[in-house]
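Q: I would like to learn how to read a structure of this kind, taking one feature at a time. Could we begin with a single residue and then go on to helices?

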Amino acid sequence: MMSNMHRIHWFDEQIRSGRFPNSSWLAREFEISRRQAQRDIEYMAISLRAPLLYLAKYRGYCYEDQTYRLPHLYMTEEEQSVLKYLAHRYRHFNHEQSDVVKRVAHLLERFTAEEQKILSRPLPTFAASPKLLQHFELLSHAITESLKVHIYYRDFSGERQFPWCPLKIISQYNADYVIGYETDPVQQSALRLEGIVHVRLTDQTFECNSDMQLSGWEEPLPVRKPFIAEIRLKEVQQTEQWQGYPIRDKQDQIHAIEFYDTEAFMQQLFISEWEELISPGWLRRRMQSHADTILNRLQNSNHAQVK
């Protein structure tokens, strides 16, 4: 079935040819209801700002402004992948203006399916590296097809590899997680997508039904205020974000940065360049504890090699 973008282009061509098309023409040409055809015309007028003018004399439409051109409505597969990921993130946004953001998520999901152009409006922004997008796509496909995957995972406890049955992807506090299990559907856990080093699809399938998804993962996320970290950076950031995290305030090189997921933010600190972590104190102590643990492991490894 052709998308409404094809119908709109056809309608536009009829107008430019001086044929004065109407909803009846559109419905007959594409074998759709007249009501659906009228919605396409309304979409052109409202969302695409087409200067449509109905002339009763010809029982059809023309352009009041002949210089009007339809915006570029087609996206590459890469652009659709990015919008699909953003739709997922906006769908799970549960903080300021969450209702507005979730409506945008619904629009993004429609646009990725129908190649429509998103309106420009200030929105929350999220870091989306090519690697993260690839993992998101592979896991989404595995969830849809109930395919087992093989995951190479890294977190503060170390690195490990294991098979995984992915059930769903959720977002919590600026981080994405895939919910699933290794062997027992009852023993479900969450893996942070940023911690996935590599994911490989297998040809093995697993049984998946609604009973497998525990109710705990379906509960709405609590709305809470973000943590604020004061960090001295080498240079003053020219944008309103640092590594995808919003900057609430900045004074010279000291930046007040918002975050929700402590583990994800700490992981970002370990791989990013910065001069000084000024506050909060509890975050400094946790970073120090993890750093000491890593140093101890390295020292033990050196002693073992000497022996």
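**Reading burial and packing**

A: Let us start with burial, bearing in mind that this is a predicted model. A residue is called buried when its relative accessible area is under 20%, and because its relative accessibility is 15%, Asn22 counts as buried. Asn22 is placed in the loop between α1 and α2.

Q: Which residues is Asn22 in contact with, leaving aside its neighbours within four places in sequence?

A: With those neighbours set aside, Asn22 is in contact with Phe11, Ile41, Arg59, Gly60 and Tyr61. For Arg59 there is also a polar detail, since a polar atom of the Asn22 side chain lies 2.8 Å from the backbone oxygen of Arg59.

Q: At what angle do helix α1 and helix α2 pack, and how far apart are their axes?

A: Helix α1, residues 4-16, packs against helix α2, residues 23-30, at an angle of about 130 degrees, and their axes are 11 Å apart. Because of that angle, α1 is oblique to α2. The crossing of these two helices, α1 and α2, is right-handed. On the α1 side the residues that meet α2 are His6, Arg7, Trp10, Phe11 and Gln14, and their partners in α2 are Trp25, Leu26, Glu29 and Phe30. Sorted by character, the residues of this contact of α1 with α2 comprise five nonpolar, two polar and two charged.

Q: How does α2 pack with helix α3, and which residues make the contact?

A: Here α2 and helix α3, residues 34-46, pack at an angle of about 115 degrees with their axes 8 Å apart, and α2 passes α3 in a right-handed crossing. From α2 the contact draws on Ser23, Ser24, Leu26 and Ala27, while α3 supplies Arg34, Ala37, Gln38, Asp40 and Ile41. The residues of this contact of α2 with α3 divide into four nonpolar, three polar and two charged.

Q: How many of the 10 residues of helix α7 are buried?

A: Burial can be read for a whole helix as well as for one residue. In helix α7, residues 262-271, seven of the 10 residues are buried, so this helix is largely enclosed by the rest of the structure. The buried residues of α7 are Thr262, Ala264, Phe265, Met266, Gln267, Gln268 and Leu269.

Q: Where does Ile294 lie, and how far is Ile294 from Gly158 in sequence and in space?

A: Ile294 lies in helix α8, residues 281-306, and with a relative accessible area of 37% it is partly exposed. Although Ile294 and Gly158 are 136 residues apart in sequence, their C-alpha atoms are 9.6 Å apart in space.

How values were computed
Residues numbered from 1 in each chain as written. Predicted model: local features only at pLDDT ≥ 70, side-chain atom pairs only at ≥ 80, totals over all residues. Heavy atoms only, no water. Axes fitted to C-alpha atoms, helices over the stretch in contact; angles between N-to-C directions. Helix = DSSP H or I, 4+ residues; strand = E, 2+ residues; numbered from the N terminus. Parallel < 35°, antiparallel > 145°, perpendicular 65-115°, else oblique. Left-handed = near helix turned anticlockwise from the far one by under 90°. Contact = heavy atoms within 4.5 Å. Nonpolar A, V, L, I, M, F, W, Y, C, P; charged D, E, K, R; others polar. Buried < 20%, exposed > 50% of the residue type's maximum accessible area, 1.4 Å probe, protein only. Polar contact = N/O pair within 3.5 Å; in protein donor to acceptor, adjacent residues only side chain to side chain.
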